[in-house]
Each structure stands twice: as C-alpha cells, then as structure tokens.
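Here are my notes on the model, point by point. Please read them with the structure open.

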There are 2 protein chains.
Amino acid sequence: MPVTVLIVDDEPLVRAGLRAVLDAQPDIEVVGEAADGAAVIPLVRRLRPDVVAMDVRMPLLDGIEATRAVLRTVAEPPKILVVTTFENDEYVYEALRAGADGFLLKRARPAEIVHAVRLVAEGESLLFPASVRQLAARYGDDGQGNRAARAALERARLTEREAEVLRLMARGLSNAEIASRLVVGTETVKSHVSAVLAKLGARDRTQAVIAAFESGFVAPG
Amino acid sequence: MPVTVLIVDDEPLVRAGLRAVLDAQPDIEVVGEAADGAAVIPLVRRLRPDVVAMDVRMPLLDGIEATRAVLRTVAEPPKILVVTTFENDEYVYEALRAGADGFLLKRARPAEIVHAVRLVAEGESLLFPASVRQLAARYGDDGQGNRAARAALERARLTEREAEVLRLMARGLSNAEIASRLVVGTETVKSHVSAVLAKLGARDRTQAVIAAFESGFVAPG
DNA sequence: GATCGTCTCCCCCGCCCGGGGGAGGCTCGT
DNA sequence: ACGAGCCTCCCCCGGGCGGGGGAGACGATC
C-alpha cells in the first residue's frame with residue numbers, strides 16, 4: 001500500500017515538479033492537487049491522503065491557517081509537510097507550532113524530497129536543515145514541532161521580543177507606533193531596535209528590514 | 001522536428017515542473033538542465049537548444065548576465081525565455097533589455113507555459129502579463145523587449161533616476177552613499193528620495209523599501 | 001518660441017532615529 | 001542565594017532624514 005500524497009501549492013510549476021518527483025517512486029502516489037489552502041479541507045476529507053505537502057505562502061488561506069484548519073476539523077488528520085523557499089522563513093516555524101510535522105526546502109534535491117515524504121509518512125517528525133535538527137536534538141526535541149520551532153527562532157539570535165519588533169519594523173512602523181502596538185514605552189522599543197541592529201549588523205532600521213526580507217524572516221508578499 | 005528546450009533554474013523542483021509540463025508535449029523536447037547561469041554557455045554550445053527557459057535569480061551568474069553571455073558568445077543563439085516569480089520584477093526588464101525574447105510567470109498555467117515556449121520558438125516576442133503587453137502595443141512595440149521594458153518601467157510612475165535611487169535605498173545605502181555612487185550632491189538625492197516617497201505613498205525610506213520588495217521591484221534574495 | 005518634465009542644487013527647520021551608558025525587576029538554572 | 005539573560009525604562013546628544021519652498025539647465029514636445 002503506497003503512501004498517498006496531496007500537493008498544495010499555488011504555483012502549477014511547483015505542483016508539477018512535486019508530482020513528477022513523487023510519482024516516479026513506486027511506493028508513493030500523488031492522489032490530488034490544490035492551488036490554495038481553502039481547497040484543502042474538502043480534498044483531505046475525500047482523498048484521505050497520508051501526507052499533505054503544503055506550501056506556506058498561498059492566496060486565500062496560507063499554509064499556517066490551512067494546517068490549523070485541517071488538524072482542527074479532520075478526524076484522522078494526515079501528516080503535514082510544509083514546503084518553503086526560505087530557510088529561515090518565520091512562517092514555517094509558525095506552521096510547525098500550528099502542528100505541521102516537518103518542513104522541506106524547495107531547493108532540496110529530489111531524493112531528499114522523497115525521503116522527507118517517506119519519513120513523515122512513517123510518523124517521524126523532520127526538520128530539514130541539519131542545523132535546525134541539531135538544535136532540536138540539543139534542546140531535547142520530543143518529536144513535536146513546538147520545541148524545535150522555538151529552538152530555531154533562538155538560532156536567529158534574536159529574542160522573541162526583538163523578533164516581534166523586527167517584524168513590525170518590516171511593516172513600516174515607527175518606534176512610537178511599535179511602542180503603542182506593544183503597549184510599552186518608546187524608550188523600550190528603542191532598546192530593542194538597537195539590539196536588533198547590533199545583532200543583524202545593520203546600520204539603521206532600513207538595513208535591518210532588508211536583512212529581514214532577504215533572510216526570509218518576513219514575507220515579501 | 002520538435003522544439004528543443006534547455007531549462008536553467010536553481011530549484012530542482014521548478015526544473016522538474018518545467019520538464020514535466022514541456023515533455024508532455026509531443027512537439028517539445030527538454031534536452032538539458034542547468035542549476036545556475038555559469039553552466040549555461042557550454043550547455044548551449046553542446047546541445048544547441050531552440051529555447052532556453054531561464055530563471056532570473058540564480059547563484060553564481062544570474063539570468064541577466066547569463067542572457068548577455070549567451071547572446072555575446074554563441075554564434076546562433078537560442079531564444080531566451082525568462083522565468084520569474086514576480087510580475088514587476090525589475091530584473092526581468094533588465095533581462096529583456098539584455099536581449100531576452102520574452103518572459104513567463106512561474107504561476108502561469110501549464111498550457112500558458114507550453115504556449116510561451118512555442119511562441120518564442122517561432123520567433124515571436126512575448127511579454128506575458130496582459131498589462132505589459134497592452135502597454136507594449138500602445139507604445140508601438142516593434143517586437144523587441146527593449147521598448148516594452150521601458151514602457152513597463154514607466155508604468156511604475158517613477159522616473160529612471162528615481163528608480164535608480166530606490167534600488168540603492170533598497171540595498172541599504174544612505175543618502176550620502178547614494179549621492180557618492182551616482183556622483184551627484186546629497187541635496188539632489190534628497191530630492192529624488194522625496195519624490196519616491198511621495199509617489200509610493202511612503203512616510204519614510206523604510207516604507208519605500210518595503211514597497212519595493214513587496215511589489216517585486218527589487219529582489220528579496 | 002513657449003511649455004513641460006526631468007535632473008540638478010540650494011536654504012531653513014523640526015524631528016525621529018540611533019549611540020552610549022545606566023538601572024530596576026523578572027524568571028531561569030546552577 | 002547568586003548570576004545570567006531578558007524586558008522594561010531613563011538620561012543626554014548628535015546626525016541623518018524628510019518637508020517646504022525655490023531655482024537654474026537641459027531636452028522633448030507642441
């Protein structure tokens with residue numbers, strides 16, 4: 001009995017690529033495709049796939065929400081393998097927190113992709129980049145995305161608060177606006193901003209925001 | 001005699017997707033793949049493909065430089081179809097200026113992708129998004145990317161100089177550094193920056209840079 | 001020739017930003 | 001109990017940034 005896979009990605013090209021790679025395996029069968037997160041639930045109900053290969057960034061309903069929705073509404077949910085372009089994509093960690101079972105870089109080699117699908121299908125949680133897996137191990141990962149996600153964030157060397165400030169910076173907010181949003185003083189925000197600039201090696205907030213985009217920490221779209 | 005295609009993209013998944021889509025056509029044959037621009041020249045020499053489907057953003061040598069290199073060094077160059085993720089990717093227009101014959105969005109449907117390959121193979125220049133094509137027509141496009149590219153830039157409402165300044169802003173340069181780079185006074189740069197902010201509806205340079213990333217005007221990677 | 005748009009440069013001015021340094025309270029783990 | 005790390009807030013201060021307004025030079029267009 002082969003591993004059945006549902007592919008969810010807004011780019012037809014990526015879908016075709018995944019299908020080509022996976023269908024070439026005798027023990028893996030692609031049973032369906034969806035172009036956005038909103039279409040996932042009914043397809044999961046009908047096709048009952050073992051694994052869902054889910055893009056994080058999608059129109060209508062992104063991979064995080066789609067993951068939550070599937071886990072919340074489906075009785076025997078499939079394993080969810082989050083597919084992403086960026087290594088440090090913050091969305092991925094959110095998806096893992098939401099209950100995804102592993103993630104996979106789009107630039108991975110076909111053999112790695114196949115391996116990842118087999119692993120999650122067997123119930124193994126996997127976090128692809130070696131560095132993240134090491135961190136997960138060091139922090140005593142229990143097999144759930146939750147702890148690994150936190151560890152991965154730690155890898156960015158930013159504290160949670162600093163990461164939050166950077167996220168708001170990357171949305172164009174001023175220090176005063178960030179302070180208001182976080183319900184703290186502007187001086188506090190300034191401290192965090194300074195810490196972020198120092199840690200990222202940025203000279204000003206603009207450079208920090210650029211780094212955030214380039215590292216995939218925040219989404220361009 | 002089928003149309004032969006060389007696929008150049010750093011993501012194996014995209015390569016597999018293109019291959020799957022194109023090889024499914026009886027009149028199209030994928031004759032090779034490359035993962036970066038540097039490998040293109042020898043492959044083109046050896047395989048002599050009719051069309052090169054080339055990603056813009058790649059390691060080592062990007063699509064623009066690779067396009068230039070191919071057209072400069074190969075005697076009977078293939079048609080070059082630039083593949084991109086973002087609709088307004090400035091790189092695409094540069095690639096067209098460099099001599100590419102058309103461009104294609106990754107989120108295009110398989111049928112559109114196939115159609116694009118056939119078109120450029122027949123010697124037709126194509127610019128995928130309808131808006132750009134309309135603009136190209138309005139400005140009396142002669143079939144070459146050059147004019148269309150200029151028209152598309154015009155669409156952004158920024159003058160060339162302003163676009164140049166925004167590009168440097170998005171690389172983290174200060175006004176003084178931009179002035180030095182462009183060999184003008186800092187007051188001049190301030191004028192351009194102010195114009196950019198006004199046209200983009202941005203409050204400060206950070207917001208302008210965010211807009212540049214989100215619109216695909218500049219590359220995240 | 002007149003007009004328009006662009007690029008260039010100048011002035012004044014207010015302010016947010018970022019650097020440096022310091023400090024109190026909190027929760028950890030040892 | 002102690003230190004480490006984090007979050008919070010405070011001070012002073014300089015400088016880059018952005019707004020407003022103005023202006024000369026050039027080319028294209030009409």
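**Notes on the protein and its DNA strands**

1. Start at DNA strand C. The side chain of Arg161(B) places an N or O atom 2.9 Å from a phosphate oxygen of this strand. This is a predicted model, so the distances here are computed from predicted coordinates.

2. Two further polar contacts on DNA strand C deserve a look. Ser194(A) has a side-chain N or O atom 3.5 Å from a phosphate oxygen of the strand. Ser191(B) reaches a base instead: one of its polar side-chain atoms is 2.9 Å from a base nitrogen of DNA strand C.

3. Which residues come closest to DNA strand C? They are Lys190(A), Arg205(A), Thr159(B), Gly185(B) and Thr188(B), out of 18 residues that surround the strand. Of the strand's atoms within 4 Å of the protein, 68% are sugar or phosphate.

4. Both chains build the surface near DNA strand C. At least two residues each come from α10 of chain A and from α8 (160-169) and α10 of chain B. By class, this surface holds three nonpolar, eight polar and seven charged residues.

5. Now DNA strand D. Thr159(A) has a polar side-chain atom 2.7 Å from a phosphate oxygen of this strand. In the side chain of Arg161(A), an N or O atom is 2.8 Å from a phosphate oxygen. Gly185(A) uses its backbone: an N or O atom there lies 2.5 Å from a phosphate oxygen of DNA strand D. The elements giving two or more residues to the surface near this strand are α8 (160-169) and α10 (186-200) of chain A, plus α10 (186-200) of chain B.

6. What surrounds DNA strand D? There are 18 residues around the strand, and Thr159(A), Gly185(A), Thr188(A), Lys190(B) and Arg205(B) come nearest. Three nonpolar, eight polar and seven charged residues make up the surface near it. Sugar or phosphate accounts for 70% of the strand's atoms within 4 Å of the protein, and bases for the rest.

7. How are the two protein chains related? Chain A superposes on chain B by a rotation of 180° with 0.2 Å of shift along the axis, at an RMSD of 0.6 Å. The two copies are therefore related as by a two-fold rotation axis. Both copies use the same surface, since 100% of the contact residues of chain A recur in chain B. Within chain A, Gly17(A) comes closest to the rotation axis, with its C-alpha at 1.8 Å.

8. On chain A as a whole: the fold has 11 helices and six strands. Of its 221 residues, 52% count as buried. Take the contacts between residues at least 6 apart in sequence: 60% of them join residues at least 24 apart. The accessible surface of chain A is about 9,700 Å², and carbon and sulfur atoms hold 49% of that.

9. One residue of chain B is worth a separate check. Gly32(B) sits in strand β2 (residues 28-34). Is Gly32(B) buried or exposed? Gly32(B) counts as buried because its relative accessibility is 8%, and the cut-off for buried is under 20%.

10. The surroundings of Gly32(B) can be listed. Leaving out residues up to four places away in sequence, Gly32(B) touches Val5(B), Leu6(B), Ile7(B), Arg19(B) and Leu47(B). Val8(B) is 24 residues from Gly32(B) in sequence, and their C-alpha atoms are 8.6 Å apart.

Technical notes: Residues are numbered from 1 along each chain as its sequence is written. Chains are lettered from A and ligands numbered from 1 in the order in which they are written. This is a predicted model: local features need pLDDT of at least 70, side-chain atom pairs count only at pLDDT 80 or more; totals for chains, interfaces and linings use all residues. Side-chain values use heavy atoms; hydrogens and water are left out. A residue is near a molecule or strand if one of its heavy atoms lies within 4 Å of it. A polar contact is a pair of N or O atoms within 3.5 Å; within protein, one must be able to donate a hydrogen and the other to accept it, and residues adjacent in sequence count only if both atoms are side-chain atoms. Helices (H or I, at least four residues) and strands (E, at least two) are DSSP runs, numbered from the N terminus. Ala, Val, Leu, Ile, Met, Phe, Trp, Tyr, Cys and Pro count as nonpolar, Asp, Glu, Lys and Arg as charged, and the others, Gly among them, as polar. Copies are superposed by least squares on the C-alpha atoms of residues with pLDDT of at least 70 in both. Contact means heavy atoms within 4.5 Å. Buried means under 20% relative accessible area, exposed over 50%, partly exposed in between (1.4 Å probe, protein chains only). Accessible areas come from the Shrake-Rupley method with a 1.4 Å probe; for residues, only the protein chains shown count as cover.
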